[in-house]
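Me: I have a model to go through with you. I will ask how its descriptions are justified.

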Amino acid sequence: MGEKITFKSFKEMPLCAMSIADMTYNFTGSWRNVRPYYDFKVSPCRLGCPAAEDIQRYIYLATQGDFEQAWKAIIESNPMPSVTGRVCFHPCMEKCTRKDYDQAINIPAVERAIGDMGLDNPKWIKKARATKKEKIAVIGGGPAGLSCAFYLARAGYPVTIFEAAAALGGMLRWGIPEYRLPNELLDRVVQSILESGPITVKTGTALGTDVALDMLEKEYAAVFVGVGLTRSRAMGVAGEEGPGVEHGLEFLRRVNGGEKVDPGKSVVVVGGGNTAMDVARCARRAGSEVTVVYRRTMNEMPAIADEIEEAEKEGVFFHFLAAPKTITRGGSGRVTVVFQQMKLGQPDESGRRRPVPDGDKTFTMEVDKLFTAIGEEGDAASFGKAVETDGALIRTKGAFGETLKAKIFAGGDIVTGAASVVEAIAAGRKAAERIGRMLSKQPEPAAEEPRTISIENINTAYFSKAKRTLPPRISVEAALEGFREIHAGFDEELLGRETARCFSCGVCNFCDNCWVFCPDVAVKRLDDQYEFNYDYCKGCLVCVTECPRSAISTREEGR
Amino acid sequence: MKKVIMGNHAVSYGVRASDVKVISAYPITPQTQIVELLSEMCAKGELEAKFIAVESEHSALTACVGASAAGVRTFTATSSQGLLLMHEIIHWAVGARLPIVLVNVNRAVGPPWSIWTDQNDSLSQRDTGWLQLYCESNQETQDTIVQAFKIAESVMLPVMVVLDAFFLSHTFEIVDILEPEQVRPFLPPYKPKNRIDVDDPHAFGNLASPGEYFELRYMIEKAMEASRDVVRDVDREFEQRFGRGYGVVKPYRCDDAEIILVTSGTVASTARAVVDEMRGEGVKIGSLKIRVFRPFPFEEVYQVLSKTKKVAVIDRNISFGHHGIFYQEVKSALYGRTNVPIIGYITGLGGRDVTPRVIRSIAEKAMNDRNAEPDINWIGVKI
């Protein structure tokens, strides 16, 4: 406590009411009954991402112009943002808080822009040296296998990838048309992964014929199986084997291999998933009139909504609530398909209403070509007896792709059934991390229940309404002329505009509000963080209210 | 450099010339163009000031209070309802002894809604401890802003510069623009004795017991008294440096006048034209413009008016239940010192024109109407 000051005359008084003494002795923090503290949450977008990409963080880094760190932040969870930025079904956007304010952030476009910068700046990645002696086998060079290999190699494990086809990429290469994912770009992505560490590649080496799983299990310290689903599912319809009927995936393989295809004037595609959309749009590009026939309605279609929309724009017709019943062939080389009309019944195990025949109503179509795209399945025979299977899928236990065999891990479509690129990438990474912990005998990290926020926790007074930024696109006519990508990437201006929309949910982005608004100057601004000075924080919680993004929490004192 | 600009922009140029560091304002007609131009100047970097946009006038003046307490030169502008919303902080700025300069564009108070001029908004703040300076031309407005900062920082009291809506705010005149480099030797950077400083923490705005509050009020009045000389000296120094001075009051042809019209704001210019016209007809008439309303220039007013035979005070305001406010003030300045008759006239409320004809009718009434009420005569009422 300072000394008492006695004025000898009123002339010594200050002009206004103020203390003459320094007031720092007065620890006004003792008045506080509630304490604010910095407490960062997990943004909902990250929780929505199967690969758990730190979306808030890379968007924040991009707003700061630090694209290298932004790219590295993505690479922590996903080695191929250029791919997912183009083909992912972006469940992150479904969770985006901004969706409940105006429109979700265009996360895939941001991811793609930053991912492409990574490809343009190969120096951003440091090649890892082989520091571990345990060799790992990765079977399958699709997204799951590439992801697993990348994270193991980064950790210093020598990895060998066994790939049945002549080139790496799996479904990315053979299943996804070039207008969604150009081959040239995929080559660069694969190259960037292979250059990241000690990875050896054996192409043209198929599991079951060229190598056997039980042999690899003996030779390698661990084996990751990520072979995907290679077989198109049969419809089980009389007449489906024969000319005029082709598996959609086979057609895509030919198209992606550069073959000039001519499916004929009229084409029907049976199915409602992404393969069906890809087949339909490729057939449109070959000049065919295309009708997609799906046994349920548009609401139940598993295809990515954007892909359905683009297919419609490109003139693909849709016929819902119908399934092929019989296929016959006349002399003209065309196929005659009788369709059973369907109606929706009770929900099935997927929650979607099950299609059931609508009495004996049928209709007939005569087409040049029918493509089946009703799903794919695994090749159970190729595993031998080395793993336990569940139908044509590999059975796993736990969240990290552990099979019932200690050294064998699996992930991607061969475990989940037909799923997504990002889920395969996530599975590959998780298995790699688990393998690393197993080989280095590290304990499993404790699982924490993530805390997140929602729109109620955002101080929307700080955000103007702003529509989602869309990248430039080519016209439908130009799209149908070939296999050019539909959308261009964001340039830096568009990237800046879109990243500026991010709320940065639950995570500080150094907006200075707490520092500016604290009436007691009890927020200290350090180089890379803020700090409360509890000697003087009175617990007024103005900082909590003015933090636009709920990065500050409170707790009662003495509890 | 001379420019033809509106009165509002003359304010903006005055602020620019004064090296103001923080401007906070909320738009209101007829003031908006002042802060609009200032915000443009800030955006373009012509004025290195922080422009704080706020959600109300209360916050605008509060932001100025904060910035001024932190030791920088601050400015805000408002009008009518905006000034009234500031009322709480108008008092605060005085008690905290902060040399803020505020421009109020005189606009009638609602309801009924009006955007046109009269003086009731600023005059309703007369007992708060702000100095008040009333302007009649765009040049005077610009120059008064610069003077106001110097006065405010000398006596540590806030200053309100007042101009008429539209008749001045939106009227274009030639203004000799002051540049910051010209003004800097006249108005050096603001260096307060005490300021809020994180590295030297003191408590401000503390509770004052009856043992101190009284003295702090006394010191405000002493500062107000001291400001009489400061206002006069600052104007003189300004005149020496820039060749333009405005005085505390401005008498016109008063030396042998038998009747003097007392005016303020733009009515003063019109009154001078009427004086010239009637002088041409042989009437011994003069006019007195009161430029400084607070502190009220008792002595200057007495010196001019004690020599005449009749005084007519023209008020563009009304203190309901009393009289015109300038009338009250003039009367109190002369009370007990002279027996010259003083007659009060109310006119021009809510922006009604005060034309030469209106002013002439007031002069003629004052000279000839033996039955005139001494205190309150409404000119032009249609009821």
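Me: What does the secondary structure of chain B come to?

Reply: Chain B has 13 helices and 15 strands. Helices (H or I, at least four residues) and strands (E, at least two) are DSSP runs, numbered from the N terminus. This is a predicted model, in which local features need pLDDT of at least 70 and side-chain atom pairs count only at pLDDT 80 or more, while totals for chains, interfaces and linings use all residues. Residues are numbered from 1 along each chain as its sequence is written, with chains lettered from A and ligands numbered from 1 in the order in which they are written.

Me: What makes the radius of gyration of chain B agree with a compact globule?

Reply: The globule rule is 2.2 Å times the number of residues to the power 0.38, and the radius is taken over C-alpha atoms. For 383 residues a compact globule would have a radius near 21 Å; chain B has 21 Å, so the two agree.

Me: Which domains is chain B divided into, and how many residues of each are in contact?

Reply: They are domain 1 (2-242) and domain 2 (249-378), with bounds from an automatic or database domain assignment. In chain B, 26 residues of domain 1 are in contact with 19 residues of domain 2, where contact puts C-beta atoms, placed from the backbone, within 7 Å. On the domain 1 side of chain B, H9(B) gives the largest share, five residues.

Me: How far apart are the C-alpha centres of the two domains of chain B?

Reply: The centres of domain 1 and domain 2 of chain B lie 28 Å apart.

Definitions and conventions
Two residues are in contact if their C-beta atoms, placed from the backbone, lie within 7 Å.
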